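Trainee: Before I use any of the labels attached to this model, I would like to hear the reasoning behind them. Could we take them one at a time?

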Amino acid sequence: MTDRCSQPHSAESGAAQDLRASVSRQFDIAASRIPTLKRGLVDFLRHPKRAIALCFPVEMNDGSVRTFHGYRVVHNTAKGPGKGGLRYHPDVTMDEVIALATLMTWKCALIDVPFGGAKGGVICDTKALEESELRRITRRFIHELGDNIGPHTDVPAPDMYTNEQTMAWVYDTYAQEHPGRNNLPVVTGKPIDMGGSLGRSDATGLGTFFAAERLVMLGAVPGLSSMQGAAVAVQGFGNVATAAARAFQSAGARIVAVSDSQGGIFSEEGLDLDAVAAFKREHGTVVGVPNTRSLTNEDLITVECDILVPAAMGGQIHAGNADGVQARLVVEGANGPVTPEADAILARRGVTVLPDILANAGGVCVSYYEWVQNNENEQWDLEDVNRKMKRKMERAVDAVLARQRRLNLEAEATGTGDTADRPGLADLRTAAIVLSVERIADITLKRGIWP
């Protein structure tokens, strides 16, 4: 681990530690289901390959100088270079970044793209900064990272409070310091006219729908056989949530609830998403849309619906509210919205959870397509991008369901289905992580332990 400066205190450090503990616990549960996994590999997969902590000065618009703290973690490179988002938020911590990089490793292995997991962040409040200040923060951070990122080393992407403009600055900074090369593949999520991929902005939300649709079509959700007429509640109304809501609605579902940071709205008949979007643009929130009932984000978790899509923040479904979830299917659009304690409660109640490393893998899938297009100096049509992504998502769902069936047959045969952590047979999350860990372990051993 490289540590250039100590990590500043964050009010959310406890939440970040909880996230890392949750990710570690999920891995332990999965690893216990793989008796052939070597102990040394368990230890290797538990820890990040590289974790960098940086501090750097930036001149602000008022002439003052401020010191910023940033992190970049690569968890694993068995399948290829690191791949993962870069977030700007006041509460970014190393624990959070390590946890999210680990999830990205499982996600890349599951969706079968040639990357390992990575994540990064800078501690800052974008709402309190001018664009020129954000540009200087980005350029200095990328400069400080140096050759720790690169098209075949570690490839960042947008995340919380970063966007295609941020990625354009990342690309330009790297290109200025590496002249004479094709540097476009160093970062994904770029503007379309700078090598970005068509379909990237909606990929995570659309992929969430593709995964849920496949799961329902295969009869894996008791009591739910079609999207037609299904009641869907979406926590969030950002990019991922909106794209997911529109995809579900296009398939015939009713979007009965959405929310933002200020609260949510509910309509049993179904929401007009265009009207909701117009209201939010005018008023800054979805709360107050005519002919809807206002509710809190906590209330949204327990509304009556067939499908619940938590697509905002982590830890939203926990031991305190999991018993109140009325959905048949929970689709994790966000990272870590269901805690391990809630997982166990939902499993006992027969609620199916489509885990984040599968449900929201559409984003990294299309990031991979952008990387391929950049390396080949091509640009694919939107229809081709979405068709390829849908096929990847469906294959991943099929593989997880098949692995779940095998795990449960093995558990029934040996009488080991019940554990203290997860009573009953393997759920989709356990099956997904088992499959990912098996793939990474297999590749690691086939490559050989060097030297």
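Mentor: What follows is a set of questions about ring pairs, burial, cysteines and cores, in a model that is predicted.

Trainee: Let us begin with the aromatic pairs: how many does the structure hold?

Mentor: The structure holds 10 aromatic pairs, and one of them is formed by Phe-56 and Phe-68.

Trainee: Why is the pair of Phe-56 and Phe-68 called stacked?

Mentor: The ring centres of Phe-56 and Phe-68 are 6.4 Å apart and their planes are at 25 degrees; rings pair if their centres lie within 6.5 Å, and planes under 30 degrees apart count as stacked, so both conditions are met. Phe-56 belongs to strand β2 (residues 50-59) and Phe-68 to strand β3 (residues 65-74), so the pair ties together parts that lie 12 residues apart in sequence.

Trainee: How do you know whether Phe-56 and Phe-68 are buried or exposed?

Mentor: Buried means under 20% relative accessible area; Phe-56 has 1% and is therefore buried, and Phe-68, at 1%, counts as buried as well.

Trainee: What makes the pair of Phe-115 and Tyr-368 edge-to-face?

Mentor: The centres of these two rings, Phe-115 and Tyr-368, are 5.9 Å apart and their planes stand at 80 degrees; since an angle over 60 degrees counts as edge-to-face, the pair is given that name. It links distant parts of the chain, 253 residues apart, with Phe-115 in the loop between α3 (94-111) and β5 (116-122) and Tyr-368 in helix α12 (residues 362-376). Phe-115 and Tyr-368 are both buried.

Trainee: Which residues do ring pairs link into a cluster with Phe-115 and Tyr-368?

Mentor: The cluster linked by ring pairs consists of Phe-115, Tyr-368, Tyr-369, Trp-371 and Trp-380. Over the ring of Trp-380 sits the charged end of Lys-388, 4.9 Å from the ring centre.

Trainee: Turning to helix α4 (residues 131-145), where Thr-138 has its place, what makes the approach of Thr-138 and Tyr-88 a polar contact?

Mentor: The side chains of Thr-138 and Tyr-88 are joined at 2.6 Å, and the cut-off for a polar contact is 3.5 Å, so the distance falls within the limit. The side chain of Thr-138 also reaches the backbone oxygen of Leu-134, at 2.8 Å. Thr-138 has a relative accessible area of 0% and is therefore buried; leaving aside neighbours within four places in sequence, Thr-138 is in contact with Tyr-88, Thr-166, Trp-169 and Val-170.

Trainee: How do you know that Cys-108 is in no disulfide?

Mentor: The nearest cysteine sulfur to that of Cys-108 belongs to Cys-365 and is 10 Å away, whereas a disulfide requires sulfur atoms within 2.5 Å, so Cys-108 is in none. For the structure as a whole, the number of disulfides is zero.

Trainee: What are the surroundings of Cys-108?

Mentor: Cys-108 is found in helix α3 and, at 0% relative accessibility, counts as buried. Not counting residues up to four places away in sequence, Cys-108 touches Lys-79, Lys-83, Val-113, Phe-115, Gly-116 and Val-364.

Trainee: Why is Cys-55 called partly exposed, and how is Cys-124 classed?

Mentor: Cys-55 has a relative accessibility of 25%, and because partly exposed covers the values between the 20% limit for buried and the 50% limit for exposed, Cys-55 falls in that class. Cys-124, in the loop between β5 and α4, has a relative accessible area of 4% and is therefore buried. Beyond residues up to four places away in sequence, Cys-124 touches Phe-68, Tyr-88, His-89, Pro-90 and Leu-129.

Trainee: Which members of the largest nonpolar core touch the most other members?

Mentor: That core has 89 residues, and Phe-248 and Leu-354 touch the most other members. A second, separate core has 26 residues, including Leu-129, Trp-169, Leu-184 and Val-187.

Trainee: Finally, why is Asn-183 called buried, and where is Asn-183 found?

Mentor: Asn-183 has a relative accessible area of 4%, which is under the 20% limit, so the word buried applies. Asn-183 is found in the loop between α5 (164-177) and α6 (203-217), and, not counting residues up to four places away in sequence, touches Tyr-171, Tyr-174, Ala-175 and His-178.

Conventions
Residues are numbered from 1 along each chain as its sequence is written. This is a predicted model: local features need pLDDT of at least 70, side-chain atom pairs count only at pLDDT 80 or more; totals for chains, interfaces and linings use all residues. Side-chain values use heavy atoms; hydrogens and water are left out. Helices (H or I, at least four residues) and strands (E, at least two) are DSSP runs, numbered from the N terminus. Buried means under 20% relative accessible area, exposed over 50%, partly exposed in between (1.4 Å probe, protein chains only). Contact means heavy atoms within 4.5 Å. A nonpolar core is a set of buried Ala, Val, Leu, Ile, Met, Phe, Trp, Tyr and Cys residues joined through side-chain atoms within 4.5 Å. Rings of Phe, Tyr and Trp (its six-membered ring) pair if their centres lie within 6.5 Å; planes under 30 degrees apart count as stacked, over 60 as edge-to-face and the rest as tilted. A charge sits over a ring if NZ of Lys or CZ of Arg is within 6 Å of the ring centre and within 35 degrees of the ring normal. A polar contact is a pair of N or O atoms within 3.5 Å; within protein, one must be able to donate a hydrogen and the other to accept it, and residues adjacent in sequence count only if both atoms are side-chain atoms.
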